[in-house]
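Visitor: Could you walk me through this structure slowly, and tell me for each term what stands behind it?

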Amino acid sequence: MRDNHYAVSHFGRLRRGRRGHDQIGLDALNLAGYDTSLFKELIKVDMPTGFRAMSLDDGAALGKEAFESQDWLVHVLEEELLHVIQKAQGLAEEFGRGTALELESDVNEARKFPAPGS
Ligand SMILES: [Zn+2]
């Protein structure tokens, strides 16, 4: 797990380990006006086919499909960042009926980077 752990640098990029490989560029999200410093951790994990990412409290776990292309990566990171913002606002805490669905539809409305090919 540690090998796949990304640490957030002060420049709004995420960097893998100490060697600086596999940087994840957050420039597209920064340019779109997002505060990407809200991401505290991004982890690369094995995920079943069809799953690109999973939300964490202050970041996300990313499967290899998230890295299929730069467009997909930006799309996935935007979605996860919007979820982090929801959590920071306390929205995800109120787990009433339909809340998860509402959170997803709010993300869909807010996103600036639709899924490639959609
Ligand atoms: Zn979502």
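**Values set against definitions**

Visitor: How do you know that the ends of helix H3 are as far apart as they should be?

Guide: The expected span of a helix is 1.5 Å times one less than its number of residues, so the twelve residues of H3 (residues 99-110) should span 16 Å, and because the end C-alpha atoms are 16 Å apart, the two values agree. Helices here are DSSP runs of H or I with at least four residues, strands are runs of E with at least two, and both are numbered from the N terminus. This is a predicted model, in which local features need pLDDT of at least 70 and side-chain atom pairs count only at pLDDT 80 or more, while totals for chains, interfaces and linings use all residues. Residues are numbered from 1 along each chain as its sequence is written.

Visitor: Which elements does the protein have, and in what order do they run from the N terminus on?

Guide: The secondary structure comes to three helices and six strands, and from the N terminus the order is β-β-β-α-β-β-β-α-α.

Visitor: How do you know whether H2 has the expected span?

Guide: With 19 residues at 1.5 Å a residue, H2 should span 27 Å, and its end C-alpha atoms are 26 Å apart, which agrees. H2 is followed by Gly90, whose phi is positive, near 80 degrees.

Visitor: What makes Glu80 buried or exposed?

Guide: A residue is buried if 20 or more other C-beta atoms lie within 10 Å of its own, exposed if 12 or fewer, and partly exposed in between, with C-beta atoms placed from the backbone. Glu80, which has its place in helix H2, has 23 other C-beta atoms within 10 Å and is therefore buried. Two residues are in contact if their C-beta atoms, placed from the backbone, lie within 7 Å, and, leaving aside neighbours within four places in sequence, Glu80 is in contact with Ala53, Ser55 and Ala60. The C-alpha atoms of Glu80 and Ala53 are separated by 7.8 Å, although the two residues are 27 apart along the chain.

Visitor: Why does Ala61 count as buried?

Guide: Ala61, found in strand E6, has 20 C-beta neighbours inside 10 Å, so Ala61 counts as buried. Not counting residues up to four places away in sequence, Ala61 touches Ile43, Val45, Ala53, Met54 and Leu56.

Visitor: What makes a set of residues a nonpolar core, and which residues have the most contacts inside the largest one?

Guide: A nonpolar core is a set of buried Ala, Val, Leu, Ile, Met, Phe, Trp, Tyr and Cys residues joined through C-beta atoms within 7 Å. The largest has 15 residues, and those with the most contacts inside it are Ala53, Leu62, Val76 and Leu77. The elements that give two or more residues to this core are strand E6 (59-62) and helix H2 (70-88), and H2 gives the most, with seven residues.

Visitor: Why is H2 called oblique to H3?

Guide: Axes are lines fitted to C-alpha atoms, for helices over the stretch in contact, and angles run from 0 to 180 degrees between N-to-C directions. H2 and H3 pack at an angle of about 125 degrees, with their axes 10 Å apart. Angles under 35 degrees count as roughly parallel, over 145 as roughly antiparallel, 65 to 115 as roughly perpendicular and the rest as oblique, which is why H2 is oblique to H3. Where the helices meet, Glu79, Leu82, His83 and Gln86 in H2 face Leu103, Val107 and Ala110 in H3 as contacts.
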